[in-house]
Amino acid sequence: MSIPARTVISASLAAAFLAPAAWAADEIPSVVVTAQSRKQFVQDVPMTIQVLTAKDIDAIGAKDLGDLNGYIPGLVVDAVEPTQPGFGIRGVQTGDFGIATDSPVGIYVDGVYTGKTGGALMNFIDIQRIEVIKGPQGTLFGRNSAAGAIAITTNEPGKEVDAAGRIKLGKYGRANADVMINLPISDTFAARLVAVRSGSEGWVDNTSTGKKSGGDKDWATRLMLRKDFDAAKLVFAWEHENMEQYGRPAFGVIKDPRLPLGGYTGDYDAAYTANFVNPFTAPLQNDQQGTEGRMFDGATLRLETPLAGMVFNSTTAYRRFTTHNITDNDGGNRPDLYLTTQDAKRARSFQQEFKLSGKSGQLDWIAGLSFYHNNEHQDAGAFVTTGTLDTLSQFAGGQPNFAMLFGGLAAAGLPGVGPDTVFSWDESHYSDVRTRSASIYGDTIWHLSPSTNVTAGLRYTQDKKQMTWFVPGRVSPQLDNFLNSYGPLAGLDASAFPSNVIFSTAAQLAASPVTREKDWTDWSPRLVLDHKLNQDTLLFTSLSRGYQAGGFNIFTPPNPAAPAAAGKDPSFAPEKMTNFEAGVKLALPALRATVNASLFAYKFKNLQDIQLYSVGTVPTYNVVSSDQKAHGLDLDGRIRISPRVTVFGGMEYIDQTYTRYQRLDAAGNVTLDLGGQPVGTPRVTAMAGVNLNWETLGGRSSLNFQGTHATAQRCNNDTAKLQCLSTAQLKTGKATSKFDLRLAWDSPSSRYGVALLVNNVFDQRYITNLGGQTEQYGGPYAYLTPPRMIAVEFRASL
């Protein structure tokens, strides 16, 4: 077949004036995703989905999901404490770090559910893409995800010899490195080994300990083996991660030694908050440096094979991890406010998922069977001093009992003691949860016509959880030895003092553990209608329901003396979300552009969140169940203005309010009702960026500049006091912005290159949270966003 001369001439001109073929990635991408458990172009998927490729991740210099915060509007990742991460989609998120509730956002790595604690926020290792799917996902994944899912796909071993390495060095002692080796052992067998290391010293000096805080340090590796058969594929992966770093910095805003007892009256009024110092200029003074670590191991076996005209997939996964998190929770170095907390976990989980898929005539269907078993243990500790207990006593209207006792003993002539003497006082709370879940689901696309499809899915889930609580008495050996030695002079001994103060709601459990068990079942449907107006325009609408199993409040165990059916039920009802969407996906080939938009509305019932507030005299963590509703708009687009310039952006508008939220005191009286008030989610989150490229020095240069923005937090009667504060010294809850830049040069063959990365280009700093565990007695502290980070990256590949 001959080629017309006009075609040859056009091709020659294109080769002369446009970018080389090796750089064709700058075209508007046709990304293949598996959000519906089928390989589809993202523009053909009738749901709200946003994708980040490896190139996008590199442009930001992200090492984990926390670094992507803001770059997918509507997705929130709280990574202040990596062993206690938080994830939210469209305003639905929970701060519960307990083991007895599940996250409404599911995290999946190569199809394996990672939970919400030890395995949820890990280093990126050889990532191919990240898919963020908004709205309930029950008929497509092994675990039900009530609010949405984050699906991470890694690179499998290939058939070509390949190797790559990268080193990043930067400010605050930043030193990252990663290496990848892909080795085909035979025509049908290949291996891929990846190792990464990241670390920094930290960006702030802790003046109390003389050490730096705000750094990170971890390393991880993955070995993946792939065996190909005639029409089948078997993939085995083993991964390991070890993280060990200092705890997060907590910036106290009370520096006047006369406060809080001299001015705090139980309410954050203007007179009191006017005494807050600016945490950006005040020194960090954490008396506890803290430590946070994780040891993770995972093994996964995936099989894909044809079976009687269908495709059979099996995923078998085992995960285990241990974590520890010891942190300063008073934001200062005062013995009368001292509070250090511990959160340690260990878990073992097993997952098995079978999928069968096929196409027959007008049907494209998938059926799945999933099993999930998880055993997890949690140690929660509160370490205070007798000075802290005196402060708590005074806020409850009592006296500084220990100071009075020690002062009186000193007046009686006892050596080594006085009114300023403090002894340690440690309390612990142990809990275990055993989770068993099984589900069967199906999802079918019915091709009504070449341009119209109806998708129907249904999932049945059965969940069972067994919870065990154990609260031993406090441990204070120095205090006990002192009291037993000198207390008799005052008619006292160690037994005269309470067993527990912090975990006092369950002091009676010291003798033996108590166990409760509960199970839940659910049917979750999905219905989607999509229609292609033409080859480039897809319209879709959907109605779906999500479900998450119920749970338990680990900090409020039941009375062991009462029957399981009597007294207050420590369990919580399942979470359920009903979501409606209508959207359009539009490709504009003439403009080399894509535009996606969707309207959504949902109702969420029984969202399980954890809050710190007082039920009795001492503030404790309590799980609060609320109902919420929201409506909004998702919008994203990309346009290649020229072969050298690409512009992209996205935004989400959301109006989210509580329909039910109540806090109760010990007597069951309502102390706070937020019904009808905003949840707090900013109305608008947005991102935008530009990518430029040009030839220079015999190679290719590129500039990627992008930023994120979120409008001010919406306040309610609970958050207005601290989260939306505005004084002469500090402001919280205001609009935030952040910009990142990557300037790179790559060799003509793209085998090696160098890049300059600047995160937070304009050094914009914000208070992300003001409160903490000493908030209840007038000692709040703040978390701050990091300063500008600058690094240089070198890379090379075969």
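**Exercise 1. Which strands each supply at least two residues of the nonpolar patch?**

*Solution.* The model is predicted: local features need pLDDT of at least 70, side-chain atom pairs count only at pLDDT 80 or more, and totals for chains, interfaces and linings use all residues. Residues are numbered from 1 along each chain as its sequence is written, and side-chain values use heavy atoms, with hydrogens and water left out.

Step 1. Apply the definition: patches are made of residues with over 30% relative accessible area and no salt bridge, where like charges are joined within 9 Å and nonpolar side chains (Val, Leu, Ile, Met, Phe, Trp, Tyr) within 5 Å. Areas come from the Shrake-Rupley method with a 1.4 Å probe, and for residues only the protein chains shown count as cover.

Step 2. List the members: Val161, Val179, Ile181, Leu183, Ile185, Leu193, Leu223, Phe236, Trp238, Leu301 and Leu798 form the surface patch, with about 950 Å² of accessible area together.

Step 3. Assign strands, which are DSSP runs (E, at least two residues; helices are H or I, at least four), numbered from the N terminus. The strands sought are β12 (174-184) and β17. The largest share, 3 residues, comes from β12.

Step 4. Inspect one member. Ile181 is found in strand β12 and counts as partly exposed because its relative accessibility is 44%; the classes are buried under 20%, exposed over 50% and partly exposed in between (1.4 Å probe, protein chains only).

**Exercise 2. Determine where the partners of three salt bridges lie and classify their burial.**

*Solution.* Step 1. Fix the criterion: a side-chain nitrogen of Lys or Arg within 4 Å of a carboxyl oxygen of Asp or Glu. The structure holds 42 salt bridges.

Step 2. Asp58 pairs with Arg166, with 3.0 Å between the closest N and O atoms. This pair links distant parts of the chain, 108 residues apart: Asp58 belongs to helix α2 (residues 54-60) and Arg166 to strand β11 (residues 162-170). Asp58 counts as partly exposed because its relative accessibility is 28%, and Arg166 is also partly exposed, at 24%.

Step 3. Arg294 and Glu241 meet in a salt bridge of 3.1 Å, N to O. Arg294 lies in strand β19 (residues 291-307) and Glu241 in strand β17 (residues 233-246), 53 residues apart. Both Arg294 and Glu241 are buried.

Step 4. Arg660 forms a salt bridge with Asp627, the closest N and O atoms being 3.0 Å apart. Strand β32 (residues 645-660) holds Arg660 and strand β31 (residues 619-642) holds Asp627, 33 residues apart. Arg660 is partly exposed at 32% relative accessibility, whereas Asp627 is buried at 10%.

**Exercise 3. Describe how strand β38 pairs with its neighbours.**

*Solution.* Step 1. Two strands pair if DSSP finds at least two bridges between them.

Step 2. Strand β37 (residues 736-746) and strand β38 (residues 752-759) run antiparallel and are joined by 7 bridges. Asp740 stands opposite Asn759 in β38. β37 and β38 form a hairpin with 5 residues between them, and Ser750 in the turn has a positive phi of about 60°.

Step 3. β38 is also joined to strand β41 (residues 789-797), by 8 bridges in an antiparallel arrangement. The bridge partner of Tyr752 in β41 is Ala796.

**Exercise 4. Which residues of helix α5 (residues 401-411) are buried?**

*Solution.* Step 1. The buried residues of α5 are Phe402, Ala403, Leu405, Phe406, Gly407 and Leu409.

Step 2. Their cover, counted by contact (heavy atoms within 4.5 Å), includes α4 (386-395), β23 (424-449) and α6 (477-486).

Step 3. Just after α5, Gly413 takes a positive phi of about 100°.
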